[in-house]
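Trainee: Got a minute to look at something with me? I'd like to go through the ligand site first and the rest afterwards.
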Amino acid sequence: MDHFLYRAGVLHAEDVPLADIAATVGTPFYCYSAATLTRHYRLFDEALAWGPHLVCYAVKANANLAVLKLLGDLGAGVDVVSEGEYRKARAAGIPADRIVFSGVGKTRTEMRHALQGGIRQFNVESEPEMVALDEVARSMGAVAPIALRINPDVDAQTHEKIATGRSENKFGIPISRARAVYAHAACLPGLRVVGIDVHIGSQLTSLVPFEAAYRKVGALAHELRAEGHAIERLDLGGGLGIPYERTNLAPPLPTEYGDLIRRTVGDLGCEIEIEPGRLIAGNAGILVSRVIYVKEGEGRDFLIVDAAMNDLIRPAMYGAHHEIVPLIEPAPGAPMRPFDIVGPVCETGDTFARARDMTTLGEGDLIAFRSAGAYGAVMASEYNARPLVPEVLVQGDHFAVIRARPSFDEMLARDTIPEWL
Ligand code: LLP
């Protein structure tokens with residue numbers, strides 16, 4: 001459930017009519033609901049209430065400082081994958097001992113930065129990275145807490161670009177090598193092993209792959225403990241999917257996911273960490289856009305809108321489906337006809353939907369792309385010299401701009417022309 005509902009025929013974000021926000025900030029814009037973010041975080045927190053745990057929100061899904069502050073104030077930890085995300089988390093007030101650092105290519109500079117500022121754990125993805133982290137930590141007289149990210153060779157049954165748990169993917173240490181690498185870690189004085197990490201992919205709509213992966217992690221934890229390693233924490237990654245299409249079967253609920261974790265690894269008595277991103281932020285955000293033109297083509301009609309692939313790249317990049325709804329609720333039984341919904345960017349890939357049944361819309365009408373709160377604004381670019389769209393946070397009956405639309409002058413000022421030109 002989210003908080004973007006029609007009231008008296010007008011789409012609202014919580015208690016605010018979205019058209020009011022459009023009138024203030026212009027279109028396109030992203031809008032997030034604080035109540036939905038809160039609800040989704042709590043669902044995970046409650047699903048793991050049977051034991052010690054930390055929900056480490058995956059910052060990559062939506063990295064706005066206001067979103068991070070809101071979640072941090074609820075008690076969330078975070079999963080970061082770059083120095084930039086680490087800095088954002090700290091700037092939003094997340095304590096260092098609630099930050100885990102993931103990613104296949106952490107640089108020594110990033111390691112040093114996180115060790116200086118404080119860190120809960122590094123999720124180490126390869127032996128070369130492990131050796132580098134040991135060197136960096138020792139050079140600082142520090143000891144880095146680590147979990148090794150294991151690649152369990154499990155098919156997450158999701159889009160190939162966001163599946164990460166097969167042996168052919170770049171992520172993690174092959175589970176067959178895990179014991180040897182843990183043995184190596186134990187010999188490195190700059191490191192302290194605290195647990196095991198796994199993440200098999202994103203937008204999973206079944207618990208079956210999670211179960212396969214977590215059983216492997218559970219078995220490995222027993223073996224590693226028998227060999228003397230302190231496995232106190234299990235970081236089980238993110239990945240639980242959301243219903244992008246309301247007509248489809250809904251993905252499993254966080255409670256079912258929490259029960260699965262208890263069933264598969266609960267006996268170990270470890271502190272459980274999870275790294276959900278999409279399920280917390282995805283349906284907590286929408287992208288509002290305005291119809292520029294209705295163009296009747298040969299055999300198909302186009303709704304040309306003022307949002308484009310640079311603002312929301314998921315349809316172009318993954319063929320992703322986003323529900324698109326008018327801000328004024330159509331009358332029951334209003335006639336529908338198919339439109340291609342496209343942006344102004346100069347490539348055919350700038351298509352949000354093909355032959356999507358919509359009620360009649362005209363120039364100036366407002367629409368919303370649903371489920372755009374995760375991997376929306378964070379993946380935006382200024383392609384075609386289109387300034388990044390603003391972000392707005394709603395709470396109850398009030399809203400605030402949490403990232404302003406840059407002016408054209410600001411956009412231009414970022415480039416410099418060398419004096420010798
Ligand atoms: N932890 C790690 C190590 C990850 O790589 C990811 C996502 C997550 C947690 C969070 O997964 P989530 O709960 O959000 O599924 N841009 C793509 C999604 C990329 C996901 C990358 N890693 C999209 O728009 O679908």
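Trainee: What does Y375 do with the ligand, distance-wise?
Mentor: A polar atom in the Y375 side chain sits 2.6 Å from one of the ligand's oxygen atoms. Bear in mind that this is a predicted model.

Trainee: And how much of the ligand's accessible area does the protein cover?
Mentor: On its own the ligand has 590 Å² of accessible area, and the protein covers 91% of that.

Trainee: OK, what about S202, how far is its side chain from a ligand oxygen?
Mentor: There the gap is 2.4 Å, between a ligand oxygen and an N or O atom of the S202 side chain. Y318 pairs with a nitrogen of the ligand instead: an N or O atom of its side chain is 2.8 Å away.

Trainee: Which residues come nearest to the ligand?
Mentor: Out of 18 around it, the nearest are S202, E275, R278, R314 and Y375.

Trainee: How does that shell split into nonpolar, polar and charged?
Mentor: Evenly, with six residues of each kind.

Trainee: Which pocket is the ligand in?
Mentor: The largest pocket is the space the ligand takes up.

Trainee: Switching topic: how is the chain divided?
Mentor: Into domain 1 (4-31 + 282-413) and domain 2 (103-274). Their centres, taken over C-alpha atoms, are 36 Å apart.

Trainee: How many residues are in contact between domain 1 and domain 2?
Mentor: 11 from domain 1 and nine from domain 2.

Trainee: And back at the ligand, which domains supply the shell?
Mentor: Domain 1 and domain 2 each give at least three residues to it.

Definitions and conventions:
Residues are numbered from 1 along each chain as its sequence is written. This is a predicted model: local features need pLDDT of at least 70, side-chain atom pairs count only at pLDDT 80 or more; totals for chains, interfaces and linings use all residues. Side-chain values use heavy atoms; hydrogens and water are left out. A residue is near a molecule or strand if one of its heavy atoms lies within 4 Å of it. A polar contact is a pair of N or O atoms within 3.5 Å; within protein, one must be able to donate a hydrogen and the other to accept it, and residues adjacent in sequence count only if both atoms are side-chain atoms. Accessible areas come from the Shrake-Rupley method with a 1.4 Å probe; for residues, only the protein chains shown count as cover. On a 1 Å grid over the protein atoms alone, a cavity is a set of points where a 1.4 Å probe fits but cannot get out, and a pocket is an open set with protein on both sides within 12 Å along at least five of seven lines; lining residues have an atom within 4 Å of a point. A molecule sits in a cavity or pocket if more than half of its atoms lie within 2 Å of its grid points. Ala, Val, Leu, Ile, Met, Phe, Trp, Tyr, Cys and Pro count as nonpolar, Asp, Glu, Lys and Arg as charged, and the others, Gly among them, as polar. Domain bounds come from an automatic or database domain assignment. Contact means heavy atoms within 4.5 Å.
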